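User: I want to learn how to read empty space, ligand contacts and backbone oddities in a model. Can we go feature by feature?

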Amino acid sequence: KVSFQQRHFLTLKDFSSEEVKSLLWVAADLKYRFKDRNERYTPLAGRSAGLIFEKRSTRTRVSTETGVALLGGHPCFLSPSDIHLGVNESSKDTAKVLSGFVDIVLARVYRHNDLEVLAREGSIPVVNGLSELYHPLQALADFLTLREHYKSLKGLTLAWVGDGNNIIHSLMMTAPKLGVNIRCATPKGYECDPTVYSDAVDLAEQHGTTMYCTTDPMDACKDANVLVTDTWISMGQEEEKNERLRAFQGYQITKKMAAVASPDWCFLHCLPRKPEEVDDEVFYSRQSLVWQEAENRKWTVMAVMLCLLKDHQPILDRPSF
Ligand code: CP
Ligand code: NVA
């Protein structure tokens with residue numbers, strides 16, 4: 001039996017294949033209980049969660065606030081214009097103070113290192129709600145969506161066409177553990193972080209999957225089952241807009257690109273989406289799973305918040321992966 005109690009959830013790099021599968025199982029179980037069985041289930045009654053957001057958010061904020069509340073807990077939204085963090089108080093002191101008030105903290109930060117400080121200096125679990133390096137909650141939702149869609153993940157190939165950013169980093173830390181291969185196209189100068197990439201190569205080797213990189217989007221999409229992209233201009237990069245729009249020419253996902261993919265291809269995007277990275281024809285197509293993917297952010301964050309605070313025994317049979 002896997003226990004996650006009191007662990008931090010900063011990157012899926014820290015979670016084994018069995019642990020990732022357990023979290024996906026709990027997420028599927030919560031979806032079944034709340035959505036299919038309309039159950040009332042409040043294991044987090046009396047618990048509270050602090051939600052620090054240094055950047056904007058629709059999905060992460062709303063899925064976590066409503067998800068914690070559904071589980072009976074109390075979510076407490078802490079925006080940087082309300083709390084002292086970063087203005088009058090350090091991450092270290094904030095971590096120590098919040099540890100006396102709430103049971104768990106989720107934080108969306110500019111610098112991944114700030115999450116590590118919160119984790120180190122506080123005495124409660126810290127969840128990464130997005131940093132410049134990783135977005136582990138998004139990767140969990142993506143693989144839950146793909147499991148629902150394909151029934152089995154082993155042997156699928158995922159093609160990334162876009163920036164070598166937080167989203168692909170988290171997919172790379174997870175895919176090999178689920179038997180999923182990666183083909184990654186990034187423009188020159190916008191490759192993945194070299195340390196993350198080297199970890200991804202090791203993971204792929206360990207799990208017998210492939211990790212292929214190219215600068216040619218068509219090459220990445222060839223025979224792939226899953227086409228994935230993200231904005232070319234992440235939060236905090238607004239000043240690089242013109243330069244990035246130029247660098248990513250030819251990277252828009254279109255039906256022409258999808259024509260070289262596997263006949264059973266589907267499309268994922270963490271959202272928010274801009275039309276430059278994927279045209280309307282693909283984004284609103286039958287193959288696009290983006291709304292299911294967005295909803296799954298809720299069941300997956302609920303699974304993470306619950307498992308870090310309490311052991312949970314699913315009533316749903318363990319899905320095959
Ligand atoms: N995908 C995602 O994290 O969306 P938000 O920025 O709206 O939270
Ligand atoms: N790469 C994007 C993801 C947003 C959910 C960003 O960091 O802004």
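User: Which residues line the largest cavity?

Analyst: Rolling a probe the size of a water molecule over the atoms shows where empty space is left. On a 1 Å grid over the protein atoms alone, a cavity is a set of points where a 1.4 Å probe fits but cannot get out; a pocket is an open set with protein on both sides within 12 Å along at least five of seven lines; lining residues have an atom within 4 Å of a point. Here the largest cavity is lined by Ala-95, Leu-98, Ser-99, Val-105, Leu-118, Gly-122, Ile-124 and Val-126. The model is predicted: local features need pLDDT of at least 70, side-chain atom pairs count only at pLDDT 80 or more, and totals for chains, interfaces and linings use all residues. Residues are numbered from 1 along each chain as its sequence is written, chains are lettered from A and ligands numbered from 1 in the order in which they are written, and side-chain values use heavy atoms, with hydrogens and water left out.

User: What is the volume of the largest cavity, and which helix gives the largest share of its lining?

Analyst: Grid points are joined across faces, edges and corners, and a volume is the space filled by probe spheres set on the points. For the largest cavity that is about 40 Å³. Helix 3 (residues 91-99) gives the largest share of the lining, three residues. Helices (H or I, at least four residues) and strands (E, at least two) are DSSP runs, numbered from the N terminus.

User: How does the lining of each cavity divide by class?

Analyst: Ala, Val, Leu, Ile, Met, Phe, Trp, Tyr, Cys and Pro count as nonpolar, Asp, Glu, Lys and Arg as charged, and the others, Gly among them, as polar. The largest cavity has six nonpolar, two polar and no charged lining residues. The second largest cavity, at about 30 Å³, has three nonpolar, one polar and two charged. Its lining is Glu-54, Leu-85, Ser-91, Val-109, Asp-114 and Leu-118.

User: Now the open space. What is the volume of the largest pocket, and which residues are closest to its centre?

Analyst: The volume of the largest pocket is about 760 Å³. It has 37 lining residues, and Asp-230, Thr-231, Ile-233, Ser-234 and Met-235 are the closest to the centre. Helix 2 (59-70), helix 6 and helix 9 (241-247) are the elements that give two or more residues to this lining. By class, the lining has nine nonpolar, 13 polar and 15 charged residues.

User: Which residues are around ligand 2, and which polar contacts does it make?

Analyst: A residue is near a molecule if one of its heavy atoms lies within 4 Å of it. Around ligand 2 those are Leu-130, Asn-165, Asn-166, Asp-230, Ser-234, Met-235 and Leu-271. A polar contact is a pair of N or O atoms within 3.5 Å; within protein, one must be able to donate a hydrogen and the other to accept it, and residues adjacent in sequence count only if both atoms are side-chain atoms. The side chain of Asn-165 has an N or O atom 3.3 Å from a ligand 2 nitrogen. The side chain of Asn-166 has one 2.8 Å from a ligand oxygen. For Met-235, a backbone N or O atom lies 2.8 Å from an oxygen of ligand 2.

User: Asn-165 caps which helix, and is that helix enclosed or open?

Analyst: Asn-165 caps the N-terminal end of helix 6, with a side-chain oxygen 3.0 Å from the backbone nitrogen of Ile-167. Buried means under 20% relative accessible area, exposed over 50%, partly exposed in between (1.4 Å probe, protein chains only). In helix 6 (residues 166-174), nine of the nine residues are buried, so this helix is largely enclosed by the rest of the structure.

User: What about ligand 1?

Analyst: Its surroundings include Ser-57, Arg-59, Arg-108, Cys-270 and Leu-271. A backbone N or O atom of Thr-58 lies 2.6 Å from a ligand 1 oxygen. A polar side-chain atom of His-135 lies 2.8 Å from an oxygen of ligand 1. For the side chain of Arg-297, the N or O to ligand oxygen distance is 3.0 Å.

User: Where is the cis peptide bond, and which residues have positive phi?

Analyst: Most residues other than glycine have a negative phi, and most peptide bonds are trans. Here a cis bond joins Leu-271 and Pro-272, with omega about 5°. Pro-272 lies in the loop between strand 9 (266-269) and helix 11 (280-283). Gln-6 has a positive phi, near 70°, and is partly exposed at 44%. Lys-151 has a positive phi of about 70° and is exposed at 54%.
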